[in-house]
Amino acid sequence: MLRKGMIWMPMDKKDQLAELISNAETSFYNGQLQEAFSLSLSAIKLDENCADAYQCATNVCMSLSRYEDAIEYFEDYMNFDIPEEEKDSVSKLVERIKAKM
């Protein structure tokens with residue numbers, strides 16, 4: 001809500017991205033998986049270099065048993081500047097998923 005004398009200004013990209021990720025995570029934790037996935041994709045569209053958006057999309061895909069999609073998002077996620085320890089953990093998880101497919 002705007003107060004008298006305030007001028008509406010659009011959120012900058014960083015704020016939009018933070019809001020999308022926050023809403024995606026909230027939707028995910030509330031079991032609204034399709035909404036979480038849609039918000040994650042919107043975040044990726046806004047900034048294809050947002051690791052958090054890929055991670056959220058991966059979580060949704062795993063929860064929906066969409067393992068092939070999850071693997072793609074995991075592989076994209078591993079291309080980001082994340083700690084080597086996390087990359088190793090994700091890589092091992094991807095290999096376990098592939099072995100069960």
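Select Tyr73 to begin: at 16% relative accessibility, Tyr73 counts as buried, because it falls under the 20% limit. The model on screen is a predicted one. Now add Tyr54, which at 9% relative accessibility is also classed as buried. The rings of Tyr54 and Tyr73 form an aromatic pair of the tilted kind, with 6.3 Å from centre to centre and 50° between the planes. Tyr54 belongs to helix 3 and Tyr73 to helix 4, so this pair ties together parts of the chain that are 19 residues apart in sequence.

**The ring cluster**

Extend the selection to Phe37 and Phe80. Ring pairs join Phe37, Tyr54, Tyr73 and Phe80 into a cluster. Next, show the side chain of Arg66, which lies over the face of Phe37, 4.7 Å from the ring centre. With a relative accessible area of 29%, Arg66 is partly exposed.

Keep Arg66 displayed and add Asp69. These two residues form a salt bridge in which the closest N and O atoms are 2.9 Å apart. Asp69 counts as partly exposed, at 27% relative accessibility. Arg66 therefore appears twice on this tour, over the ring of Phe37 and in the salt bridge with Asp69, while its relative accessible area of 29% makes it partly exposed.

**Helix 4**

Select residues 67-78, which make up helix 4. How far apart should the ends of its twelve residues lie at 1.5 Å a residue? The expected span is 16 Å, and the end C-alpha atoms are 16 Å apart, which agrees.

Colour the buried residues of this helix: Ala70, Ile71, Tyr73, Phe74, Tyr77 and Met78. Which helices are included in what covers them? Display helix 2 (33-46), helix 3 (51-63) and helix 5 (84-100), which are among the covering elements.

Centre the view on Ile71, a residue of helix 4. Ile71 is buried, with a relative accessible area of 7%. Leaving aside residues up to four places away in sequence, Ile71 touches Val94, Ile97, Lys98 and Met101. For a distance to check in the viewer, take Ile71 and Val90: their C-alpha atoms are 9.6 Å apart in space, and the two residues are 19 residues apart in sequence.

**From helix 4 to helix 5**

Lys98, one of the residues touched by Ile71, leads to the next stop. Select Lys98 together with Glu75; their side chains meet in a salt bridge, at 3.3 Å from N to O. This pair links distant parts of the chain, with Lys98 in helix 5 and Glu75 in helix 4, 23 residues apart. Are these partners buried or partly exposed? Lys98 is partly exposed, with a relative accessible area of 38%, and Glu75 is partly exposed as well, at 32%.

Move along helix 5 to Lys87 and Glu84. Their side chains meet in a salt bridge of 3.9 Å, N to O. Because they are three residues apart in helix 5, Lys87 and Glu84 are separated by about one helical turn. Glu84 is exposed, with a relative accessible area of 53%. A search of the whole structure gives three salt bridges.

**Helix 1**

Select residues 13-29, which form helix 1, and pick out Ser27 within it. Ser27 counts as buried, at 7% relative accessibility. Its contacts, not counting residues up to four places away in sequence, are Gln32, Glu35, Ala36 and Leu39.

Then display the rings of the chain once more; the count of aromatic pairs comes to four. One of them is formed by Phe28 and Tyr29, an edge-to-face pair with 5.6 Å from centre to centre and 70° between the planes. Tyr29 counts as exposed, at 66% relative accessibility.

**The whole chain**

Finally, clear the selection and show the chain as a cartoon. There are five helices and zero strands, and along the sequence the pattern is α-α-α-α-α. Of the 101 residues in the chain, 34% are buried. Among contacts with a separation of 6 or more, 44% are between residues 24 or more positions apart. Switch to a surface view to end: the chain exposes about 7,200 Å², of which carbon and sulfur atoms supply 48%.

Note on methods: Residues are numbered from 1 along each chain as its sequence is written. This is a predicted model: local features need pLDDT of at least 70, side-chain atom pairs count only at pLDDT 80 or more; totals for chains, interfaces and linings use all residues. Side-chain values use heavy atoms; hydrogens and water are left out. Helices (H or I, at least four residues) and strands (E, at least two) are DSSP runs, numbered from the N terminus. Buried means under 20% relative accessible area, exposed over 50%, partly exposed in between (1.4 Å probe, protein chains only). Contact means heavy atoms within 4.5 Å. The expected span of a helix is 1.5 Å times one less than its number of residues. Accessible areas come from the Shrake-Rupley method with a 1.4 Å probe; for residues, only the protein chains shown count as cover. A salt bridge is a side-chain nitrogen of Lys or Arg within 4 Å of a carboxyl oxygen of Asp or Glu. Rings of Phe, Tyr and Trp (its six-membered ring) pair if their centres lie within 6.5 Å; planes under 30 degrees apart count as stacked, over 60 as edge-to-face and the rest as tilted. A charge sits over a ring if NZ of Lys or CZ of Arg is within 6 Å of the ring centre and within 35 degrees of the ring normal.
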